[in-house]
Amino acid sequence: MFKEENPAKDIKSAETIIGPSVRVEGDFISEQDIIIDGEVVGNISTSNNLRIGKGAVVKAKIDAKNAYIAGKIVGNVTIKEKLKITESASIKGN
């Protein structure tokens with residue numbers, strides 16, 4: 001899963017990166033890692049890792065193998081294996 005100690009390495013392994021100044025609407029389906037530091041409205045699905053950064057705002061249904069959550073989520077979250085929620089995270093949903 002994503003390493004908190006080396007975020008630069010995470011970026012190299014990610015297929016999809018939503019930067020902090022980006023706002024997107026739509027569905028993301030991936031078999032690789034996804035990093036979100038901006039705002040996403042839609043659905044997010046990955047058969048691998050998902051990282052939602054501290055400043056991120058996500059209004060979506062989320063499905064992932066593993067997740068590291070530090071930002072805000074409004075929507076249902078389904079994680080198949082490992083989930084790490086930081087103290088800065090906010091999740092409103094199931």
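**Exercise 1.** How many bridges join β5 to strand β7 (residues 57-64), and in which sense do the two strands run?

*Solution.* The structure is a predicted model.
Step 1. Seven bridges connect β5 with β7, and the two strands run parallel.
Step 2. A residue pair fixes the register: Glu39 has Val57 in β7 as its bridge partner.

**Exercise 2.** Determine which further strands pair with β5, and identify a residue pair for each.

*Solution.*
Step 1. Strand β2 (residues 23-25) pairs with β5 (residues 39-46) in the parallel sense, over three bridges. Within this pairing, Glu25 is matched with Val41 of β5.
Step 2. Strand β3 (residues 28-30) is likewise joined to β5 by three bridges, and these strands run parallel. Here Ile29 stands opposite Ser45 in β5.

**Exercise 3.** Describe the open sheet of five strands: its strand order, its edges and the angle between neighbours.

*Solution.*
Step 1. The order is β1-β4-β6-β8-β11, and the pairing is parallel.
Step 2. The edge positions belong to β1 (14-18) and β11 (83-85); each has a single partner strand, so one side of each is left without a neighbour in the sheet.
Step 3. On average, neighbouring strands of this sheet are turned by 10° against each other, direction ignored.

**Exercise 4.** Over how many bridges do strand β6 and strand β8 pair, and which residue stands opposite Asn49?

*Solution.*
Step 1. Strand β6 comprises residues 49-52 and strand β8 residues 66-69; the two pair in the parallel sense over four bridges.
Step 2. The residue opposite Asn49 is Asn66 in β8.
Step 3. In the strand order β1-β4-β6-β8-β11, this pairing joins β6 to β8.

Methods
Residues are numbered from 1 along each chain as its sequence is written. This is a predicted model: local features need pLDDT of at least 70, side-chain atom pairs count only at pLDDT 80 or more; totals for chains, interfaces and linings use all residues. Side-chain values use heavy atoms; hydrogens and water are left out. Two strands pair if DSSP finds at least two bridges between them. Axes are lines fitted to C-alpha atoms, for helices over the stretch in contact, and angles run from 0 to 180 degrees between N-to-C directions.
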